Amino acid sequence: MRHALALLAPLLGLGLGLSLSRLAVGATDCKSLGPAEPLTFTPAARARWLAPRVRAPGLLDSLYGTVHRFLSVVQLNPFPSGGAVRGGLRGVRRGRGPLPAADAHCRALLLLLPLPPALRGASEDRAQGAGLIGVVCALVTNQRTHEQMGPSVEAVPETLLSLRGLVSDVPQELQAVAQQFSLPQERVSEELDGVGVSIGSAVHTQLRSAVYPLLAAVGSLGQALQVSMHHLQALNATVVELQAGQQDLESALQEQRDRLLQLLQEAGCQGDCAGALSRARALELGADFSQVPSVDHVLHRLKGVPEANFSSMVQEENSTFNALPTLAAMQTSSVVQELKKAVAQQPEGLRTLAEGFPGSEAASRWAQALQEVEESSRPYLQEVQRYETYRWIVGCVLCSVVLLVALCNLLGLNLGIWGLSAREDPSQPEAKGEAGAHFLMAGVGLSFLFAAPLILLVFATFLVGGNVQTLVCQSWESGELFEFADTPGNLPPSMNLSHLLGLRKNISIHQAYRQCKEGAALWTVLQLNDSYNLEEHLDISQYTNKLWQELQTLKVDTQSLDLLSSAARRDLEALQSSGLQRVHYPDFLVQIQRPVVKTSTEQLAQELEGLAQAQGNSVLGQQLQEEAHGLRNLHQEKVVPQQSLVAKLNLSVRALESSAPNLQLETSDVLANVTYLKGELPAWATRILRNVSECFLAREMGYFSQYVAWVREEVTQRIATCQPLSGALDNSRVILCDMVADPWNAFWFCLAWCTFFLIPSIIFAVKTSKYFRPIRKRLSSTSSEETQLFHIPRVTSLKL
C-alpha cells in the first residue's frame, strides 16, 4: 500500500505543473541566443595625411623679416574687397602690390636713394663695408633661392597627386565600404547552419517543463497500474481460495462440533464439561467470504492490462523528445538553404552607395583635370627650373661684378693711401698710387657698365617677388584671400565649388579650409547631408523583411512525440472505465476483521485434553483425547491456511482501498493532460519557433546594425578626409612664400642694397682717384679746373 501511494505521489502536482508550463511557453526569452558578437571591419578610408612642409629656422630669418617690413611700408593699401574687384585680376589695378602703385615707387626711391654721408676716412670704409656685406647677402640669398627652387618645383606634382587621390579614391572607398557587407552576411550564413539546432533546443528547453513531468507521471501511473493489477488479481484469487477453504472448513467444523456435543453431554462426563460444551457449540465459521463483493467485472474490463511496457515506452518518448534539436535541424535544412540564398543578396541601396554619392562625376572630372594639369605642368616646371638656372647665373655674375667693384674700391683705396704715404714729392708719379687710382676707375667703369643689368634685374625680381608677397602671401596668411574667394561675384561661376558639386548650399572656402585643417571629412565640409540621403542607402528594411518572411516558413514537426502509446492509452482507458474505485472495499474489511472460527480451536483442544485427564471413564477420556487431537489437526490444516489467506486479502484490500480513488482520478488527469499536450504541442512549438525566429532575427540584425553604424561613421567621418587639401594649400603657401618668395625677395633687396651703394662708390672712386695721381699729371690731364666734373682744390704742398 505504501508503495502504491509513493508511486502516485508525483502525480498530485501534475495539474499545477502543466498550468505553469502553459504560461511559460508563450514567453519570449532571447538569453539563450545572446546578443550579436562584435564584428571587426577593415577601414576603407585610405591614409592620405600630407606631411606639412616647414622652413627650418636660420640666420636669414631676420633678413626676411626686414624685407617683409620694407614691403609693408611700400604697400599700405588694403587687399581689395569683394565689391572692388570684378573679372579676373582687375583688382590688381586698384593698388595692390609694389609695381602698380606710383606712390609705392616714390616711397621705395626715398628709402633706396638717401644722400650719402661725406666721403672721408672711416665713413668711406663703412660705406664700402656695407656694400660688401650686401654683396655677400645677395650671393647667399641667390644661392638659397636656387636651392629652394628645385625641391619646390618637384613638390608641385606631389601636391597635385595628393589632391588627385583625394577626389579619385572616394568611389573606390565607397565601393570598399559596400563590399564589407559580406562580413555580416558570412556571420549570418554561419549561424544559419545552426539555426535548426537552436530552434529545436529552444523548443526542447521551453517544453521540457511540461513534457518531462507528464512523462514521469505516465511512468509512475504505469507502475501504479501494475501494482493495482497485482493487488486486484491477488484479491480475487485469495477470495476464491477463502471461499473454497471456507466450505471444507465448515463441513469439518460441523462434524467436529457434533461429536464433541455428544461426548460432552454424556452423564459420566466429569469436570467443566458445561463450559467446554458451550465453546464446542461455537465451532462454526466466523467470517463468511461468500458475502464479499465480486471483482470479476473489474477483472473482465482489465483483462490483458497492462498491455504496454510503460517503463520502456517512457524511456523511448524521452529519447524522442531529447532528439528534437537534431530533428529540427533535419526538418529546417531546406528552408535554411533558401535563407542563405536570401542572405547572400546585397541590398539595392548599398549597391548604389558609390554611384549616388554627390560629386562623383565632378570628382572624376577633377581627377582627370588634375592629372592633365600634372602631366602638362611638368614641361613648364622644367622650363621654370631652366630659367631659374639662368637667373641664378645672371645673379651670380652680377653679384660677382658688384663684389669685384667693391674689391676694386677697397684695393684702390688701400693702394692709393699706401702710395700717398710713400710719396715725398706730390708731383712725382708713384706706382702704388697710380695702381690705386686705376683700380678705383676700373670699379667706376664696371659700375657704369653693369648698372643697367643690375637695375633691370632688381626691378624684375622686385616686380615678381614684391607682388607675390603683398598680393598672395600676406593675404593668404591673413585669410583675406579666402574671404575674397567667398565673396559672391569675385569668382566666375565655373569656379564655384557648390555649383561644381551640385550642392544645395554655398560652401565657404575659408570655413572648408579650417575644417579640412582639423581633419574633417568631405561629408562634413561639403554638408552632404543636405544633398545626399545616406540613410536611404543604408535602409535594409526590405532586405530584413525578406529574411523575416523566409524565417516564417520554418516549421518543426512534433508529431513523432506521442507521449503515450496506443497500448498504454488502452491500458489507462481500461483502468479508467474498470470501476475499480466503485468496489465496496469495506465489505471485505468486515469479513477480514471477523475470526475464521468463532471460537479458538487451539484453546478448545487444550481444554479437551484437560477434561480427558479428569475423566474416570477411560473410554470417555480416550475419546476426548482423540477429539482434542483432531481439533488440533483441524486448526493446522484448515484454520491456519484460512487465516493466512485472510491476511493476504487484507493487504490487497487495504492497498486497493487507499489507491483506487486517486488512481482513477490521476488516470483521468493524465489522459486529459496527454490529450491536451498532444494537441497543443504543434501550436506551442509554432509559437516557440516564432519567438526563437524573432530572437534569431534580432541577433542577426545586430550584425547588420553594426555594419550600418560602421558605414555611417566611415562615410561621414573618415572617408575622403580633406586634410590633404588644407595640407596642400599650407604646403603651397610654405613653398611659394617661405621657401621661394622670401629668399627671392631677400635677393633683390640685397642686390638693390648693393646697387644703391654703387652711386656713392662711383662718386667716391672718381674724387679719390685724383688724390692718388701726381699733381702735374692731374693738371695736364685736364684743360682747366673749371672743366672738371668735380672741383678739387689745388694743393701746393702735401705733407703726410
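Helices here are DSSP runs of H or I with at least four residues, numbered from the N terminus. With that understood, I should like to present several local features of this structure, which is a predicted model.

I begin with helix α26, which spans residues 723-769 and includes Asn731. Asn731 has a relative accessibility of 4% and therefore counts as buried, the limit being under 20%. Which residues does Asn731 touch, if those up to four places away in sequence are not counted? They are Leu50, Ala51, Pro52 and Arg53.

Helix α26 also appears in the surroundings of helix α18, residues 509-517. The buried residues of α18 are His510, Ala512, Tyr513, Gln515 and Cys516. Among the elements covering these buried residues are α16 (480-486), α19 (522-525) and α26. After α18 comes Gly519, which has a positive phi, near 90°.

My second topic is helix packing. Two packed helices are described by the angle between their axes and the distance between the axes. For helix α22 (residues 566-577) and helix α25 (residues 618-718), the axes come within 9 Å and cross at roughly 140°. Since an angle over 145 degrees would be needed for roughly antiparallel, α22 and α25 are therefore oblique to each other. Their crossing is left-handed. On the α22 side, the contact is made by Arg569, Leu572, Glu573, Leu575 and Gln576. On the α25 side, Leu663, Gln664, Thr667, Ser668, Val670, Leu671, Val674 and Thr675 take part. Sorted by class, this contact has six nonpolar, five polar and two charged residues.

The loop between α21 (541-552) and α22 contains Leu563. Leu563 is not a glycine, yet its phi is positive, at about 70°. Is Leu563 buried or exposed? Its relative accessibility is 0%, so Leu563 counts as buried.

I turn now to the aromatic residues. A pair of aromatic rings is described by the distance of the centres and the angle of the planes. The structure holds 14 aromatic pairs. In one of them, the ring centres of Tyr707 and Trp710 are 6.1 Å apart and the planes stand at 40°, so this pair is tilted. Both residues belong to helix α25, where they are three residues apart, about one turn of the helix. Tyr707 and Trp710 are both buried. A further pair is formed by Trp748 and Phe749, with ring centres 6.2 Å apart and planes at 70°; the pair is therefore edge-to-face. Trp748 and Phe749 are likewise both buried. Which residues form one aromatic cluster with Tyr707 and Trp710? The other members are Phe41, Phe181 and Phe704.

Two further sites remain. Helix α8, residues 273-281, contains Leu277. With a relative accessibility of 11%, Leu277 counts as buried, because the limit is under 20%. Leu277 and Leu264 are separated by 13 residues in sequence, while their C-alpha atoms are 5.8 Å apart in space. When neighbours within four places in sequence are left aside, Leu277 is in contact with Leu261, Leu264 and Gln265.

The final site is the peptide bond that joins Val305 and Pro306. This bond is cis, with omega about 0°. Pro306 is located in the loop between α9 (296-301) and α10 (310-322).

Methods: Residues numbered from 1 in each chain as written. Predicted model: local features only at pLDDT ≥ 70, side-chain atom pairs only at ≥ 80, totals over all residues. Heavy atoms only, no water. Axes fitted to C-alpha atoms, helices over the stretch in contact; angles between N-to-C directions. Helix = DSSP H or I, 4+ residues; strand = E, 2+ residues; numbered from the N terminus. Parallel < 35°, antiparallel > 145°, perpendicular 65-115°, else oblique. Left-handed = near helix turned anticlockwise from the far one by under 90°. Contact = heavy atoms within 4.5 Å. Nonpolar A, V, L, I, M, F, W, Y, C, P; charged D, E, K, R; others polar. Buried < 20%, exposed > 50% of the residue type's maximum accessible area, 1.4 Å probe, protein only. Phe/Tyr/Trp six-rings, centres within 6.5 Å; stacked < 30°, edge-to-face > 60°.
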